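User: Please take a close look at the annotated binding-site residues of this chain, and set them in the context of the fold around them.

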Amino acid sequence: MNKTIIFLLISFLLFQCTQLGLEKEKSSGSEGILLLLGTSPSEGTPYTWDLPAGFPMPKVPSDNPITLEKVELGRFLFYDTRLSENETQSCGSCHKQENAFTDGLAVSVGSTGQSHPRNAQHLSNVAYNLRQTWANPLLKKLEDQARVPMFGDNPVELGMKDREDLLLERLENDPDYVSKFKAAFPSDSSPFSILNITKALSSFQRTFISGNSAYDRYQAGDLSALSASAIRGKNLFFGERGECFHCHGGFNFTDTILHVGTVFEEVTFHNNGLDSSRFISPNGGLYEFTFQESDRGKFRAPSLRNVELTAPYMHDGSIPDLLSVINHYANGGSGDGTTNPNRDVFVRNFSLSESEKQDLVEFLKSLTDTEFTTNPKFEDPF
Amino acid sequence: MKLLYINVVLLLLSVFIFRCDGSSNPNLALFALETKSPPGIEFSAVVGDSHATCGEDISGHGDSHSSSVTIQHVAGVMPIGLKDLRFYVSGFELVDQDDNIITLDVPNTGVWQYSGVALLDFENGKGSCSGTTETNNLVQATVENKTYKTLRFTLGIPETLNHIDYSVAPSPLNISGLAWGWTMGYRFFVGEFLSNDPVAVGNAAVLHIGSAGCTEPTPGNYSCTNSNRTVIELTPVDGFNPFTQKVQFDLKKAFTGWNISTGSMSCHSMGAMDSNCSAVYPNFGLDYSTGNAGSTAQTVFGIVSK
């Protein structure tokens, strides 16, 4: 029965094309046939990556190929306050471009005023994250992560729990979104869905590539891009005295990376020697998932890209500036964190002169990419 | 005239049969109509002596102050307002008088039931309730009009369904208020209320039960150290007849051990992060430290007359 209908439809489309004799009509007709046969010929215009030198191709989930149309839709959704129940906040409220997509707060505040237990993550090069968020081993894809701020109630972020219908209704009633959703999900008979919202948001976030800092220009051969102090700091960072690179290595300055060439996924979380008072509920870190005491206080080492712009630091925003962070590590931790049995082996006391600390700060500042923070493609479109 | 009469009867009969067409078993549909009772297991929700309803003060659940025994529960004698009360049930079994175990077929309905899991929903989004408009108090299933020894079911979603993508899952597994995106799983039970008493107004009780300690050692294969699925077994002295009796959930009994007269209480099933859970989990027959059956029997569900 179904086969007959498909056959008739195909014949009809073919007939129509040949009758009209128009090349354009013919191509759209054959697209229709492909759709009917269940193969998706095109999800839109494939997004072309413009990657900095040394950056591998990001691994995009096969069920959400990145297209220009999805990126465009995602940009609007990312900055749309209609994604919060009381229409006061958007994703962009806690992820501001000028701060490399964090918010400058110790901990973020949700749309209803509730404080989040965690410091908002920056979103530079988030496409390469093996895991999202500070310590959740389960949130691998941006698509999965996007549902937490939208629908979570512990804490409330955007406050859309049980309000899927309201959210979809708001968007469906906007003619601009009608065309954008159709363009982003052309083969979807009902493109307005929570899944598609998360797909578009993720596609937009995957374009947040940051790789044109002074450090990158220096690496590319412009030896004048770094000051003498920053170069000394770089040597400390990558040297055996600082050992910073163990957790913050590679092109993205982290130890957990995912790209198309990744064969073995190495997922690591570290206890970086903060005082144990920083690991109380609900900031237990990896422990919250494994219930293993040895995982208490273990968090993901974030990328240090644009780190100058993402203060305050640590999972709870408890360290105000870069010099304080360096002092924390040079001291081998803070408070009883220096004797914490979970403390990472690379967090250990080492001596640095004050000018060397300043050199390290200068190096970290050289990871700032102002092209990224002013790129009009990432700006609020409203 | 007689011919006309026969024709009318035939017509009515055909309409009747036509109406039955589409149900999986016309005979059972007729049987159900005959007894005027929906085929399935009916549930209700109370708070002590009061119905658990949205949009109004619920009182009558406190114990007398003159009692020499101090019992902490819900909120003592203070009036409360319901915020949310929804839970998933699955794995229904009946045990007949001859000890035969009958596994209930809980069919997919496209709305409240999927793959043997049903959602019971006692909040309607009105007043202080925060969920959806729709409610459901029935697990649709084929049951016989007779008295069984035992009714058994699981409060929760089987592990095989617990980590599916809720944004594309069939109803009722696609409701954000029941999804626990943080653990890529579901909340099996959501019970929330707040105090409407002037001296403790706004103090809330929030209880979310779901599997915790979840990791994904290999892609797609989740493993949770604490399943937190409780098997509710009800064996009333006089047996259980689904046509004349129903299952009653008591919010007061569920929250025994918590007192919100001095501050809010919450449990999100997050392991040792959630110290308040250990007081209320035993009410469900669960040991909070392991997530398995505990040393005390559940008290929150019982059998009552319809």
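Analyst: What follows describes the chain as a whole, then the two annotated sets of residues, and lastly one helix and its cover.

The model is a predicted one, and its chain A holds 15 helices and two strands. Of the 382 residues of chain A, 55% count as buried, and the accessible surface comes to about 16900 Å², with 55% of that area belonging to carbon and sulfur atoms. Among the contacts in chain A with a separation of 6 or more, 65% are accounted for by residues 24 or more positions apart.

UniProt, in an unreviewed entry, lists A:Cys91, A:Cys94 and A:His95 under the feature "binding site". A:Cys91 is found in helix H4 of chain A, whereas A:His95 lies in the loop between H4 and H5. A:Cys91 counts as buried because its relative accessibility is 15%, below the 20% under which a residue is called buried; A:His95, with a relative accessible area of 18%, is buried as well. Leaving out residues up to four places away in sequence, A:Cys91 touches A:Phe78, A:Leu83 and A:Leu201. With the same exclusion, A:His95 touches A:Phe78, A:Phe101, A:Thr102, A:Ala120, A:Gln121 and A:Leu123, so that A:Phe78 appears in the surroundings of both A:Cys91 and A:His95. For A:Phe101 there is also a polar approach, its backbone oxygen lying 2.7 Å from a polar atom of the side chain of A:His95.

The loop between helix H4 (91–94) and helix H5 (142–145) also contains A:Gln97, which counts as buried at 7% relative accessibility. Beyond its neighbours within four places in sequence, A:Gln97 is in contact with A:Tyr79 and with A:Phe372, A:Thr373, A:Thr374, A:Asn375, A:Phe378 and A:Glu379.

The same feature name, again from an unreviewed UniProt entry, is placed at A:Cys244, A:Cys247 and A:His248, and the lining of the largest cavity takes in A:Cys244, A:Cys247 and A:His248 from this set. A:Cys247 lies in the loop between helix H11 (228–238) and strand E1 (270–271), and A:His248 has its place in the loop between H11 and E1 too. A:Cys247 counts as buried at 14% relative accessibility, and A:His248 is buried with a relative accessible area of 13%. Setting aside neighbours within four places in sequence, the contacts of A:Cys247 are A:Phe253, A:Thr254, A:Asp255, A:His270 and A:Ala301, while A:His248 touches A:Phe237, A:Phe253, A:Thr254, A:Ala301, A:Pro302 and A:Leu304.

Helix H8 (residues 175–184) gives a view of how one helix is covered. Its buried residues are A:Tyr177, A:Lys180, A:Phe181 and A:Ala184; these four lie on the same side of H8(A), because they cover an arc of only 100° around the axis. On the other side of H8(A), A:Pro175 and A:Lys182 are exposed. The cover over the buried residues of H8(A) includes helix H3 (68–78), helix H7 (164–172) and helix H9 (194–206). At the start of H8(A), a side-chain oxygen of A:Asp174 reaches to within 2.9 Å of the backbone nitrogen of A:Asp176.

Technical notes:
Residues numbered from 1 in each chain as written. Chains lettered and ligands numbered in written order. Predicted model: local features only at pLDDT ≥ 70, side-chain atom pairs only at ≥ 80, totals over all residues. Heavy atoms only, no water. Buried < 20%, exposed > 50% of the residue type's maximum accessible area, 1.4 Å probe, protein only. Contact = heavy atoms within 4.5 Å. Areas by Shrake-Rupley, 256 points an atom, 1.4 Å probe, with all protein chains shown as cover. Arc of directions from axis to C-beta. Polar contact = N/O pair within 3.5 Å; in protein donor to acceptor, adjacent residues only side chain to side chain. UniProt positions renumbered as here; feature names shortened; annotations may be inferred. 1 Å grid on protein atoms, 1.4 Å probe; cavity = no way out; pocket = protein on both sides within 12 Å on 5 of 7 lines; lining within 4 Å.
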